[in-house]
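Work through three short exercises on this protein. Keep the sequence and the model in view.

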Amino acid sequence: MSDVFDLTCALIARPSVTPDDAGCQQLIAGRLGAAGFTCEHLRLGEVDNLWATHGSGAPVLVLLGHTDVVPSGPVETWSSNPFTPEVRDGALYGRGAADMKGSVAAFVVAAEQFVAAYPQHPGTLAVLLTSDEEGDAIDGVRHVARLFVERGQAIDWCITGEPSSTAKLGDLLRVGRRGSLSAKLRIKGVQGHVAYPDKARNPIHLAAPALAELTARHWDDGYESFPPTSLQLSNISAGTGASNVIPGELQVMFNLRYNPHWNADRLQAEITALLDRHGLDYVLDWHRSGEPFYTPEGTLRRVAREVLAEFAGAAPEESTGGGTSDARFIAPLGAQCIEVGPVNASIHQVDENVRVADLEALPELYRRLIERLLA
Ligand SMILES: [Zn+2]
């Protein structure tokens, strides 16, 4: 089997359930170091990060990925052990095969091939890996990006290997991601007997008009290739379990996926004002996952479109869909960011897999992107 296949299997066999790197980055640093990269291990809290560079100065191209994986769930629900790579019907099975040990292995092979062919290339080729993408994402790329700001480390272009393709390799180019903002809202009332409502304050009744306004609100009409901003309630609970008791509190969880019309500060201010207008007594806890980012037309997007078109036989769909990724921490450094990776149909699922043919094509896809940018 090929080099990228063997390296992917070696990574799958290391059970790097987030945030444990389980030796993946040591293996990769060994390879990249032998190819002439300078490797810096950044252990931050419980998290391993690897920053490997070849060449110097601008432009700086970063290949961004993660070595951690989500838990497998009950092993007996898998057709084969999630941490024992196995090929069946032309696909390689194992946790992380698609998200994203295959891409990481392809980065390594592409980077080795590129620096062997262009040892004196202009600028810097860098590989940045973290073991904290699937978990809290605090001491991973978020923290490393802060160090980059302190060091004055500029980044021009960033290619993330997240599995972006939908049906065939290269059919989708991710050019941005929506922002994500979550909230836990507690609306206070006064508990009492349903037969004596004048002696209680029903938080469900108090909240209902505010929640109706919140869910009916039209936030915007979308932004370039972004869909409109959306607020979704994900949970509502109140009640004591008894039908004759007015509960004392209502709890609501909601999440916003938003485009660059908005940022978290302005969304929080809008929602707080709405709740205040309804005169509610409430506590609101926010969790910010990341602001939206967007790479408009430019060198990186044009090059990627052309390379993917050669690969997939047609121009890729250019999308900002899906969840968010670690590119959200690199984009604020001023970098153009895209995401290109294998088919994402099985990610985070039982029997995660990548087609072997796609895996074997990935190093060439990444190498061509690197050549177009740095050769
Ligand atoms: Zn991933």
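**Exercise 1. The pocket**

How do the residues of the lining of the largest pocket divide into nonpolar, polar and charged?

Solution. Note that this is a predicted model. Start with size: the volume of the largest pocket is about 210 Å³. Next, take the lining, which is made up of 14 residues. Nearest the pocket centre lie Asp99, Glu133, Glu162, Thr324 and His348. Now sort the lining: two residues are nonpolar, six are polar and six are charged.

**Exercise 2. Alanine 110**

Decide whether alanine 110 is buried or exposed, then find which residues it is in contact with beyond four places in sequence.

Solution. Locate the residue first: alanine 110 sits in helix H3, which spans residues 97–117. Its relative accessible area is 0%. Buried means under 20%, so alanine 110 is buried. Then look past the sequence neighbours within four places: alanine 110 is in contact with Pro363, Tyr366, Arg367 and Ile370. Check the C-alpha atoms too. Those of alanine 110 and leucine 362 are 8.4 Å apart, with the two positions 252 residues apart along the chain.

**Exercise 3. The two domains**

Describe how domain 1 and domain 2 meet, and state what area they bury between them.

Solution. Set the bounds from the domain assignment: domain 1 covers 3–177 + 292–374, and domain 2 covers 179–290. Their C-alpha centres are 37 Å apart. Count contacts: 11 residues of domain 1 touch 14 residues of domain 2. The domains bury about 840 Å² between them, 57% of it on carbon and sulfur atoms. On the domain 1 side, Pro292, Tyr294 and Thr320 lose the most area to domain 2, together 61% of what that side buries.

How values were computed:
Residues numbered from 1 in each chain as written. Predicted model: local features only at pLDDT ≥ 70, side-chain atom pairs only at ≥ 80, totals over all residues. Heavy atoms only, no water. 1 Å grid on protein atoms, 1.4 Å probe; cavity = no way out; pocket = protein on both sides within 12 Å on 5 of 7 lines; lining within 4 Å. Points joined across faces, edges and corners; volume = space filled by probe spheres on them. Nonpolar A, V, L, I, M, F, W, Y, C, P; charged D, E, K, R; others polar. Helix = DSSP H or I, 4+ residues; strand = E, 2+ residues; numbered from the N terminus. Buried < 20%, exposed > 50% of the residue type's maximum accessible area, 1.4 Å probe, protein only. Contact = heavy atoms within 4.5 Å. Domains from an automatic or database assignment. Buried area = accessible area lost by both parts, 1.4 Å probe.
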